[in-house]
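Here are some comments on this model, set out as numbered points for a colleague at the bench. Please read them with the sequence and the structure side by side.

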Amino acid sequence: MAPIPGSGLAKGLAVTLRTMTRKSVTDQYPDAQPDLPPRTRGVIGLFEENCTVCMLCARECPDWCIYIDSHKETVPPAAPGGRERSRNVLDRFAIDFALCMYCGICIEVCPFDALFWSPEFEYAETDIRELTHERDKLREWMWTVPAPPALDPAAEEPKEIAAARKTADKLAAAQAEPPPPPEGQPGTAQPSRPTSTPTPESGTGSTPQAKPSDPQAKPSDSQAKPSDPQGGES
């Protein structure tokens, strides 16, 4: 069915009329601060302890507004006879927010979670050179970064946390199990010793023999008669 001519214009005018009849609300900024969502792109904070000077953020930045300087240091071996290692030490990390386009590519490509978005936006300056924030100022913005949202209660636990929890449970179970008591203390069963000496088996069966030291002992009938190897009496 073909649309009615002028229906689009009528819909647009209806939206305009509804908006004109509503009362406008003006936020009294700066007296009333706006309620911004947690993921607002205001300014970038730097957590320099996680920075490894991999230069990914500076290379991927489309505006080339990130400046990084570093030098290498030699780390002595942890154990005697080991090899020395070299590591990068951060000297300068600066972001020129006069050039930044707030695309967030630097935060997405950082493999070590050293850059974070902060909802703070009140850092306007009268001098454009003051918009280049060095690493000390970027570190101060980390205090304004909101906490990450809580995980879904029905979500699967991360593998790292599950493995650590399983190891902790095994250690706790091993510590809670009481150690076995040493031999000879009360509460332990001692092996019983035989009271009579074992006798060799005969073809028709074995009977306990009397001790040779007993003068009143009499030989039994099975012991008085010799038995053949096949188990019959001779």
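**Notes on the predicted model**

1. Ile-44 belongs to strand 1, which covers residues 43–46. The model is a predicted one, and in it Ile-44 has a relative accessibility of 2% and is therefore counted as buried, the cut-off being under 20%. Setting aside its neighbours within four places in sequence, Ile-44 is in contact with Ile-95, Phe-97, Cys-106, Ile-107, Leu-115, Phe-116, Trp-117, Leu-138 and Trp-141. For one of these partners a separation can be given: Ile-44 and Ile-107 lie 63 residues apart in sequence, yet their C-alpha atoms are 8.4 Å apart in space.

2. Is Ser-118 buried or exposed? Ser-118, which is placed in strand 4, has a relative accessible area of 0%, so this residue is buried. Not counting residues up to four places away in sequence, Ser-118 touches Thr-40, Arg-41, Gly-42 and Val-43, and also Trp-141, Thr-144 and Val-145. Trp-141 thus appears in the contact list of Ser-118 and also in that of Ile-44.

3. The protein as a whole contains 6 helices and 5 strands, and read from the N terminus the elements follow the order α-β-α-β-β-α-β-β-α-α-α. Of the contacts between residues at least 6 apart in sequence, 67% join residues that are at least 24 apart; the contact between Ile-44 and Ile-107, with their positions 63 residues apart in sequence, may serve as an illustration.

4. Which strands make up the open sheet, and in what order? The sheet has 3 strands in the order 2-3-5, and the pairing is antiparallel. Strand 2 (66–75) and strand 5 (132–133) stand at the edges with a single partner strand each, so that one side of each has no neighbour in the sheet.

5. The two pairings in this sheet can be described one by one. Strand 2 and strand 3 are joined in the antiparallel sense over 10 bridges, and Val-75 has Arg-85 in strand 3 as its bridge partner. Strand 3, residues 85–96, also pairs with strand 5 in the antiparallel sense, here over 2 bridges; Ile-95 stands opposite His-133, while Asp-96 stands opposite Thr-132. As general background, side chains in a regular strand alternate between the two faces of the sheet.

6. The largest pocket has a volume of about 570 Å³ and a lining of 15 residues, among which Arg-39, Ile-107, Phe-116, Trp-117 and Val-145 lie nearest its centre. The elements giving two or more residues to this lining are helix 3 (105–109) and strand 4 (115–118), and strand 4 provides the largest share, with 3 residues. By residue class, the lining divides into 10 nonpolar, 1 polar and 4 charged residues.

7. The pocket can also be related to the buried residues discussed above. Ile-107, Phe-116 and Trp-117, which are among the residues nearest the pocket centre, are contacts of Ile-44, and Val-145, also named among those nearest the centre, is touched by Ser-118.

8. A last point concerns the surface. Buried residues make up 16% of the 234 residues in the protein, and both Ile-44 and Ser-118 are buried. The protein exposes about 19500 Å², of which carbon and sulfur atoms supply 56%.

Methods. Residues numbered from 1 in each chain as written. Predicted model: local features only at pLDDT ≥ 70, side-chain atom pairs only at ≥ 80, totals over all residues. Heavy atoms only, no water. 1 Å grid on protein atoms, 1.4 Å probe; cavity = no way out; pocket = protein on both sides within 12 Å on 5 of 7 lines; lining within 4 Å. Points joined across faces, edges and corners; volume = space filled by probe spheres on them. Helix = DSSP H or I, 4+ residues; strand = E, 2+ residues; numbered from the N terminus. Nonpolar A, V, L, I, M, F, W, Y, C, P; charged D, E, K, R; others polar. Buried < 20%, exposed > 50% of the residue type's maximum accessible area, 1.4 Å probe, protein only. Contact = heavy atoms within 4.5 Å. Areas by Shrake-Rupley, 256 points an atom, 1.4 Å probe, with all protein chains shown as cover. Pairing = 2+ DSSP bridges.
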